[in-house]
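Here is a small set of exercises to work through with the model open in your viewer. Try each task yourself before reading its solution.

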Amino acid sequence: MLYWKLAWQSIVKNRLEYLPFMLAGSAAVALNMVIQLLIYSKGVKKLAANVSVVEMLTFSQIVIAIFSIIFLLYTYSFLSKRKQSEFGLFSILGLQKIDLIKISWRQQFISFLAVTFFGLITGIVFSKVLILLFMKLVGGTEFQLNITTVSIVFIVVFFMICFLFLLITDIFSILKLKTLSLLHATKKGESEPRSHWVLFGVGLVLLTMGYYISLTVHSPLKAIGQFFTAVLLVVCATYILFIVASTIILKVMKRNGKYYYQANHFITVSNMLFRMQQV
C-alpha cells in the first residue's frame, strides 16, 4: 500500500510534467482507435474498393503506431529526468533500488490506465465525425460505427507494450545510475550531439530507395505494399537527415570563428546545437 501511495503522490506532485505526457498518450490512443474503427466498420467493407481501402487503412495503422511510439518516447524524456531526481531523493531517505522499481511500475500502471481510458473514450466520441468525413472522401453512402472487441484489445495490448518499454527504461536508469546522479538528473546539462556521418549516408540511401520505389510504382492501389514501403523509407530518411544534417550544419557554423563569436550568432547556434540532442 505504501508503494501505491508514493506512486500516486509522485504523479500528483509532478502533475505539470505528467499532464503533457498523458495528453500526448491519450491523443495517440484516440488516433489509433479511430483507425481501428475504420478498419472494422461495416460501411467501409461495403465500399466498391473495400479490399484496397482496408489494406491502406491497415498500413496507415502501422505508420501511426510507429509515430505513436516515437511521440511517447519523446514526451516521456522530459518527464524521465524529473522522476530520476525524485528517485534519488527516495534513495537518500533509505529506499533500495528494488523499492524504486516497485514505485516506478505502479506509476507506469496508473499512467497506462489513465491514458488508455481517456484515449479510448476520446477516440470513440470523435470517431463518428471522422468516419463520416472519410466516407464522404471515398464516396461511401452507408455509415456504421462498429466498436469491436478486437479493436479495443489491440489498442490495450499495443499501449501496454509501449508502457512496458517505458518501465524498462526506468529500471535501467535506476540500476545504472548512482544516488547522486539520480538526485541531480534535472540539473545535468545536455551533451553536445555528435556528427554521425554514417547515419547521414544511411539517410541518403533510404531517401533514394524510397523515391525510387515511389516513382516506379504505377498504381498505388495495385502495388500498395511497395507504396507503403516507399512511404516508410522516405519518412525515416527525412527524420534521420533532419537530425544529422542540422547537427552537421550547426557544427560547421560553430567552427567558423568570425561567424560564431558574435553576440546574436553565438547564443542562437549554441542553443540550437544543444536542443538537437533532445530531438
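**Exercise 1. Classify Tyr40 by its accessibility, then locate it in the chain.**

Solution. This is a predicted model, so every value here is computed from predicted coordinates.
- Step 1: the relative accessibility of Tyr40 is 28%. Buried requires under 20% and exposed requires over 50%, so Tyr40 is partly exposed.
- Step 2: Tyr40 sits in the loop that runs between helix H2 (15–39) and helix H3 (42–45).
- Step 3: look for Val150, which is 110 residues from Tyr40 in sequence. Their C-alpha atoms are 8.9 Å apart in space.

**Exercise 2. Describe the overall fold in terms of helices and strands.**

Solution.
- Step 1: count the elements, and you should find 11 helices and 0 strands.
- Step 2: written in sequence order, the pattern is α-α-α-α-α-α-α-α-α-α-α.
- Step 3: for the burial of the protein, 39% of its 279 residues count as buried.

**Exercise 3. Check the length of helix H1 and work out which side of H1 is buried.**

Solution.
- Step 1: helix H1 covers residues 2–13, which is 12 residues. The expected span is 1.5 Å times one less than the number of residues, so H1 should span 16 Å.
- Step 2: the C-alpha atoms at the two ends of H1 are 16 Å apart, in agreement with that expectation.
- Step 3: list the buried residues of H1, namely Leu6, Ala7, Ser10 and Ile11. Because these residues cover an arc of only 135° around the axis, they lie on the same side of H1.
- Step 4: turn to the other side of H1, where Leu2, Lys5 and Lys13 are exposed.

**Exercise 4. Find the salt bridge and describe the surroundings of both partners.**

Solution. Side chains of opposite charge can pair when their charged atoms come close.
- Step 1: the structure has 1 salt bridge. Asp170 pairs with Lys83, and their closest N and O atoms are 2.7 Å apart, where the cut-off is 4 Å.
- Step 2: place the partners. Asp170 belongs to helix H6 (residues 149–176) and Lys83 to helix H4 (residues 50–92), so the pair, 87 residues apart, links distant parts of the chain.
- Step 3: check burial. Asp170 has a relative accessible area of 2% and is therefore buried. Lys83, at 1% relative accessibility, is buried as well.

**Exercise 5. Count the disulfides and classify Cys162 and Cys236.**

Solution.
- Step 1: the count of disulfides is 0.
- Step 2: Cys162 has a relative accessible area of 10%, so it is buried.
- Step 3: Cys236, at 39% relative accessibility, is partly exposed.

**Exercise 6. Set a surface patch beside a buried position.**

Solution.
- Step 1: on the surface, Phe117, Phe118, Ile121, Val125, Phe126, Leu130 and Leu133 form a nonpolar patch. Together these residues have about 720 Å² of accessible area.
- Step 2: take one member, Phe117, which is in helix H5 (residues 97–138). Its relative accessibility is 51%, so Phe117 counts as exposed.
- Step 3: now go to Val244 in helix H9 (residues 224–255). With 5% relative accessibility, Val244 counts as buried.
- Step 4: finally, find Phe200, which is 44 residues from Val244 along the chain. The C-alpha atoms of Phe200 and Val244 are separated by 6.0 Å.

Conventions: Residues numbered from 1 in each chain as written. Predicted model: local features only at pLDDT ≥ 70, side-chain atom pairs only at ≥ 80, totals over all residues. Heavy atoms only, no water. Patch = residues over 30% accessible without salt bridge, like charges linked within 9 Å, V, L, I, M, F, W, Y side chains within 5 Å. Areas by Shrake-Rupley, 256 points an atom, 1.4 Å probe, with all protein chains shown as cover. Salt bridge = Lys/Arg side-chain N within 4 Å of Asp/Glu carboxyl O. Helix = DSSP H or I, 4+ residues; strand = E, 2+ residues; numbered from the N terminus. Buried < 20%, exposed > 50% of the residue type's maximum accessible area, 1.4 Å probe, protein only. Arc of directions from axis to C-beta. Disulfide = S-S within 2.5 Å.
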